[in-house]
Amino acid sequence: MDNHQETLSKQAAVIELKPNPKDLADKDAHPERNVAPAGQTLKKKKMTLLMFSGEYDKALAALILANSGREMDMDVTMFFAFWGLFLVRNPESMSLEDKTLYEKMFGMVTPKGIEDLPLSRMNLAGLGKAMLKEMMEDDNTPPLTAFLNGARKKGVKFYGCKLSLEVMGFKPEELLPEVEVKEAKDFLQEALESEIQLFI
Amino acid sequence: MDNHQETLSKQAAVIELKPNPKDLADKDAHPERNVAPAGQTLKKKKMTLLMFSGEYDKALAALILANSGREMDMDVTMFFAFWGLFLVRNPESMSLEDKTLYEKMFGMVTPKGIEDLPLSRMNLAGLGKAMLKEMMEDDNTPPLTAFLNGARKKGVKFYGCKLSLEVMGFKPEELLPEVEVKEAKDFLQEALESEIQLFI
Amino acid sequence: MDNHQETLSKQAAVIELKPNPKDLADKDAHPERNVAPAGQTLKKKKMTLLMFSGEYDKALAALILANSGREMDMDVTMFFAFWGLFLVRNPESMSLEDKTLYEKMFGMVTPKGIEDLPLSRMNLAGLGKAMLKEMMEDDNTPPLTAFLNGARKKGVKFYGCKLSLEVMGFKPEELLPEVEVKEAKDFLQEALESEIQLFI
């Protein structure tokens, strides 16, 4: 590892490509990104998360990654599709107007706010969400809402999948105000430009 | 397809390594890709999906991504493993011959066609697949079969995981004719060459 | 961006960037990696798996990928978070000391060893884990433990998520000895440096 690092530094010296060893986020991930002469802006690292799942624990994992990525000064986009849309519904602006019967029923049986999201695993007898939340409070871990608000404040980009909205009968105005409605191709475009893409 | 490649090459030659800012798909994702000297073909962007899950909704998400990727002229490979193999079983060529008792039982309790795939979440009381499908028809969204056939027509590469076939007791001839049987290392090789890799 | 492009072109010109067409694993995935002058070490390909799930079948898929990656001489890191931590608990060193009541209950209802992990899909009537394991033995496929030990012997790096440990009330000494406790940002750093990242 050290040898490897040393080799990289030598190589960098030879071709006048000197990565800053203190810049963890850039450390030999894409050395060519560090080539910019003084005064030029380096391209930011980028992460795109396809948030497909609507479970409490997966949402927690995704939001921890998103918050951490922003703290590392990465560009972070979350693309909410299918059940993932439940994370970005605005509890204050849900509506039953102009919906088909199925859409109304669907809207009523689904979670109203992110703290109502179910866990992804029902097969651990005795482990309820309340239990997990209680444990988190014991350890001073902020709940899901705190992570969601953190991501919003830190400037994580929120995209809502157009097709999923239509399939589920949600209206754009029912989502959090920062959610932009986008298509699958927009996700792919963001993902192509990202060093990290995850389907969660 | 070839025309697109040609256009890209010509563009690269004319502008001498100046990316076209209008070409979103190439925009600074991997700038070094645009370095190809005049006359050389630019490498296509590539996406590899590891389709592990066998649920209706995840299959829908994966196939929408695969179709969209091909429409953006990306190379797309889907590697079907474990439950994902259910997506590419050929309903017309399933066989019970030469199988152990367990394999026969397994073959019988599992879905026969992709429209029989279960949803990934059982914990949303009142939301059945029929309901979701009905909503999709309301919105003129084509069902899973349409997306699968779309992917086949558009030239998405289909790989079936060799080990999974053996574990599940499926025979290669029980899969759709375009499925090539491949190993985990083949998936990794494809993924290494891809800008986007997702485990679904 | 244009400046950055220009810099890259110059660099390519200076060092006469010649990718080796025979090196499949390096084949135009990241051509800049082949820039190293003779005698210098090429950077190894790298894969980082975020092991979030605790199911038997997903663990199997992840460990097959990890083992295969090492056999292809890739650097492989597995970051175990949430339910994924169950894969790397040391059955011989679990403790109930210094735990809250919730943590004790949680510890008792959760799987004790990896062969106790549940399957990810409960909705396939008639398919039990025993059945799947039996089929695997029929085909001489080694069980999960064998793949886990393989990964340990082959030098897959094991990280345990610090926050998950705290939330679940596990202590570092309850994990396998090779597990290093790390934070979400360490995962992101590894992922940034990796050609392949998957959320499993």
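Here are some worked exercises on a predicted model.

**Exercise 1. Work out how chain A is put together: how many helices and strands does it have, and in which order do they run?**

Step 1: Count the elements. Chain A comes to seven helices and five strands.

Step 2: Walk from the N terminus. You'll pass α-β-α-β-α-α-α-β-α-β-α-β.

Step 3: Check how the chain folds back on itself. Take contacts in chain A between residues at least 6 apart in sequence: 70% of them join residues at least 24 apart.

Step 4: Look at burial. Of the 200 residues in chain A, 58% count as buried.

**Exercise 2. Lay out the sheet of chain A: in what order do the strands sit, and which ones stand at the edges?**

Step 1: Line up the strands. The order is β4-β3-β2-β1-β5, the pairing is parallel, and the sheet is open.

Step 2: Find the edges. β4 (179-182) and β5 (196-199) of chain A each have a single partner strand, so one side of each has no neighbour in the sheet.

Step 3: Add the twist. Ignoring direction, neighbouring strands here are turned by 20 degrees against each other on average.

Step 4: Zoom in on one pair. Strand β3 (residues 157-161) of chain A is joined to β4(A) by four bridges, and Tyr159(A) has Glu180(A) as its bridge partner.

Step 5: Put a helix on the sheet. Helix α2 (residues 56-71) of chain A lies across β1 (46-51), β2 (75-80) and β5 of chain A, and runs at about 165 degrees to β1(A).

**Exercise 3. Decide whether strand β1 (residues 46-51) of chain C is enclosed or open to the outside.**

Step 1: Count buried residues. Six of the six are buried, so the strand is largely enclosed by the rest of the structure.

Step 2: Remember the general pattern. Side chains in a regular strand alternate between the two faces of the sheet.

Step 3: Sort the residues by face. One side holds Lys46(C), Thr48(C) and Leu50(C), the other Met47(C), Leu49(C) and Met51(C), and both faces are covered.

Step 4: Find the neighbour. Six bridges tie β1(C) to the parallel strand β2 (residues 75-80) of chain C, where Thr77(C) stands opposite Thr48(C).

**Exercise 4. Describe how helices α2 and α5 of chain B pack: at what angle, and through which residues?**

Step 1: Get the geometry. Helix α2 (residues 56-71) and helix α5 (residues 144-153) of chain B pack at an angle of about 35 degrees, their axes 9 Å apart. The crossing of α2(B) past α5(B) is left-handed.

Step 2: List who meets whom. From α2(B) come Tyr56(B), Ala59(B), Leu60(B), Leu63(B), Ile64(B) and Asn67(B); from α5(B) come Leu144(B), Phe147(B), Leu148(B), Gly150(B) and Ala151(B).

Step 3: Classify the contact. It divides into nine nonpolar residues, two polar and no charged.

Step 4: Follow Leu148(B) and Ala151(B) onward. Both are touched by Phe158(B), whose other contacts include Met78(B), Phe80(B) and Val88(B). Phe158(B) is also among the residues with the most contacts inside the largest nonpolar core, which has 155 residues.

**Exercise 5. Place Gln189(A): which helix holds it, and is it buried or exposed?**

Step 1: Find the helix. Gln189(A) sits in α7 (residues 184-192) of chain A.

Step 2: Apply the cut-off. Buried means under 20% relative accessible area, and Gln189(A) has 9% relative accessibility, so it counts as buried.

Step 3: Look across the chain. Thr48(A) is 141 residues away along the chain, yet the two C-alpha atoms are separated by 9.9 Å.

Step 4: Turn to chain C. Seven of the nine residues of its helix α7 (residues 184-192) are buried, and Gln189(C) is one of them.

Technical notes:
Residues are numbered from 1 along each chain as its sequence is written. Chains are lettered from A and ligands numbered from 1 in the order in which they are written. This is a predicted model: local features need pLDDT of at least 70, side-chain atom pairs count only at pLDDT 80 or more; totals for chains, interfaces and linings use all residues. Side-chain values use heavy atoms; hydrogens and water are left out. A nonpolar core is a set of buried Ala, Val, Leu, Ile, Met, Phe, Trp, Tyr and Cys residues joined through side-chain atoms within 4.5 Å. Buried means under 20% relative accessible area, exposed over 50%, partly exposed in between (1.4 Å probe, protein chains only). Contact means heavy atoms within 4.5 Å. Two strands pair if DSSP finds at least two bridges between them. Helices (H or I, at least four residues) and strands (E, at least two) are DSSP runs, numbered from the N terminus. Axes are lines fitted to C-alpha atoms, for helices over the stretch in contact, and angles run from 0 to 180 degrees between N-to-C directions. A crossing is left-handed if the near helix is turned anticlockwise from the far one by less than a right angle, and right-handed if clockwise. Ala, Val, Leu, Ile, Met, Phe, Trp, Tyr, Cys and Pro count as nonpolar, Asp, Glu, Lys and Arg as charged, and the others, Gly among them, as polar. Lists of a residue's contacts leave out its neighbours within four places in sequence.
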